[in-house]
Amino acid sequence: MDTAPGAGLQLQQLLPTSSATSVSVNEVSFSYKENLIGALLAIFGHLVVSIALNLQKYCHIRLAGSKDPRAYFKTKTWWLGLFLMLLGELGVFASYAFAPLSLIVPLSAVSVIASAIIGIIFIKEKWKPKDFLRRYILSFVGCGLAIMGTYLLVTFAPNSHEKMTGENITRHLVSWPFLLYMLVEIILFCLLLYFYKEKNTNNVVVILLLVALLGSMTVVTVKAVAGMLVLSIQGNLQLDYPIFYVMFVCMVATAVYQAAFLSQASQIYDSSLIASVGYILSTTVAITAGAIFYLDFVGEDVLHICMFALGCLIAFLGVFLITRNRKKAIPFEPYISMDAMPDEGAG
């Protein structure tokens with residue numbers, strides 16, 4: 001006689017479990033969708049920025065090799081480059097609102113890959129197929145490794161998707177792991193700054209570590225600002241939280257000082273060395289900051305974390321090979337050759 005009620009009770013207990021499983025699956029699929037949107041925005045942004053920078057460089061080279069009296073900012077090419085740069089930066093900025101910081105930061109390798117390909121396509125030197133392959137074999141291998149690393153990063157990236165509300169950001173900001181991390185970072189930054197300023201230690205690692213430490217705070221604040229802006233656009237207003245303006249000021253300040261140190265480094269060291277070492281250091285420090293502040297890897301299994309780390313290492317190696325080849329190659333100006341310009345005095 002008790003069989004029917006017992007069966008009914010079991011059915012009632014199973015229904016919530018089934019419903020919870022369905023919700024969990026929907027949340028996971030939604031998190032993968034957000035990851036994909038963020039990754040695509042970041043890849044698009046870095047690709048467009050790379051094209052923009054090369055367009056502006058082409059504009060400067062073309063003006064320098066001709067008798068055109070116009071200033072560079074009076075040319076359509078330069079303004080097209082500026083427009084594309086703003087569009088690309090907007091795409092990268094928006095990507096932080098959708099995907100974890102640990103996924104977006106390493107995708108800056110796309111800029112290095114795109115610049116390498118553009119430089120090879122528009123190189124001014126005349127080459128034979130054998131010479132071309134021998135000279136640029138490292139670039140091809142580096143691009144392949146960087147693309148493979150990027151694929152692993154996107155595939156095994158963390159799936160933590162917390163709404164960037166003022167309460168959540170404030171809670172993370174005053175958490176003891178992040179406060180401890182900030183204490184260590186401030187001490188390390190002050191020590192590096194002391195050696196750099198007082199001891200005149202101009203080692204590239206010292207300068208780019210200063211850039212990386214500032215950059216880690218830049219990306220942490222960029223994600224907070226971008227996330228709060230997206231939520232506000234969606235109707236959940238976050239601009240009345242003081243933490244938004246604190247993060248915005250920190251974002252601008254760290255970005256400005258980061259650019260200043262990068263400018264100083266570029267006056268001393270080769271740009272390819274800065275690109276490779278800077279990418280490795282900045283990505284490593286930024287991922288660490290994101291893991292501590294936004295808890296990117298909480299709940300991730302060991303396999304995913306190891307594969308993500310492997311993707312980072314492969315991308316690092318790819319960028320290193322690309323920039324190493326660029327450093328060894330004979331310096332060139334992409335797109336156009338000065339000795340290939342039409343002779344003004346000819347017929």
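# Exercises on an all-helical chain

In this predicted model, Tyr245 is partly exposed, with a relative accessible area of 44%.

**Exercise 1. Count the aromatic pairs, and describe the geometry of the pair formed by Phe244 and Tyr245.**

Step 1. With ring centres required to lie within 6.5 Å, the count comes to eight aromatic pairs.

Step 2. One of them joins Phe244 and Tyr245, whose ring centres are 5.1 Å apart and whose planes stand at 90 degrees; because an angle over 60 degrees counts as edge-to-face, the pair is classed as edge-to-face.

Step 3. The surroundings of the two residues can then be added: Phe244 is buried, at a relative accessible area of 7%, whereas Tyr245, at 44%, is partly exposed.

**Exercise 2. Which parts of the chain does the pair of Tyr279 and Phe316 tie together?**

Step 1. Tyr279 and Phe316 form an edge-to-face pair, with 5.6 Å from centre to centre and 85 degrees between the planes.

Step 2. Tyr279 belongs to helix 10, which covers residues 271-293, and Phe316 belongs to helix 11, which covers residues 302-328, so the pair ties together parts that lie 37 residues apart in sequence.

Step 3. As for accessibility, Tyr279 counts as buried at 7%, and Phe316 is buried with a relative accessible area of 12%.

**Exercise 3. Starting from the ring cluster that contains Tyr294, find the charged residue placed over the face of Tyr294 and follow its contacts.**

Step 1. The cluster consists of Phe178, Tyr181, Phe293 and Tyr294, which are linked by ring pairs.

Step 2. Over the face of Tyr294 lies Lys223, at 5.7 Å from the ring centre.

Step 3. Lys223 is also among the residues touched by Tyr96, a list that, leaving aside residues up to four places away in sequence, includes Leu101, Ile104, Val105, Val219, Val222 and Ala226 as well.

Step 4. Tyr96 itself is placed in the loop between helix 2 and helix 3, and with a relative accessibility of 8% Tyr96 counts as buried.

Step 5. A backbone distance completes the picture: the C-alpha atoms of Tyr96 and Val222 are separated by 7.1 Å, although these residues are 126 residues apart along the chain.

**Exercise 4. Is Leu180, a member of a nonpolar surface patch, buried, partly exposed or exposed?**

Step 1. The patch is formed by Trp176, Leu180, Leu183, Val184, Ile187, Leu191, Tyr194 and Phe195, which together have about 850 Å² of accessible area.

Step 2. Leu180 lies in helix 7, a helix that runs over residues 176-197.

Step 3. The relative accessibility of Leu180 is 46%; because buried means under 20% and exposed means over 50%, Leu180 counts as partly exposed.

**Exercise 5. How many salt bridges does the count give, and how accessible are the residues Arg171 and Glu162?**

Step 1. With a limit of 4 Å between a side-chain nitrogen and a carboxyl oxygen, the count comes to one salt bridge.

Step 2. The side chains of Arg171 and Glu162 meet in a salt bridge at 2.7 Å, taken from N to O.

Step 3. Arg171 counts as partly exposed at 43% relative accessibility, and Glu162 is partly exposed with a relative accessible area of 30%.

**Exercise 6. Examine Leu295 and Lys76, locating each residue and stating its accessibility.**

Step 1. Leu295 is found in the loop between helix 10 and helix 11, where it is partly exposed with a relative accessible area of 38%.

Step 2. The phi angle of Leu295 is near 55 degrees, which is a positive value in a residue other than glycine.

Step 3. Lys76 is found in helix 2, made of residues 76-95, and at 78% relative accessibility Lys76 counts as exposed.

Step 4. From Lys76 to Cys59 the C-alpha distance is 9.0 Å, with their positions 17 residues apart in sequence.

**Exercise 7. Summarise the chain as a whole: its elements, its contacts, its buried share and its accessible surface.**

Step 1. The chain has 11 helices and zero strands.

Step 2. Of the contacts between residues at least 6 apart in sequence, 82% join residues that are at least 24 apart.

Step 3. Buried residues account for 42% of the 347 residues.

Step 4. The accessible surface comes to about 19100 Å², and 70% of this surface belongs to carbon and sulfur atoms.

Technical notes:
Residues numbered from 1 in each chain as written. Predicted model: local features only at pLDDT ≥ 70, side-chain atom pairs only at ≥ 80, totals over all residues. Heavy atoms only, no water. Phe/Tyr/Trp six-rings, centres within 6.5 Å; stacked < 30°, edge-to-face > 60°. Buried < 20%, exposed > 50% of the residue type's maximum accessible area, 1.4 Å probe, protein only. Helix = DSSP H or I, 4+ residues; strand = E, 2+ residues; numbered from the N terminus. Lys NZ or Arg CZ within 6 Å of the ring centre and 35° of its normal. Patch = residues over 30% accessible without salt bridge, like charges linked within 9 Å, V, L, I, M, F, W, Y side chains within 5 Å. Areas by Shrake-Rupley, 256 points an atom, 1.4 Å probe, with all protein chains shown as cover. Contact = heavy atoms within 4.5 Å.
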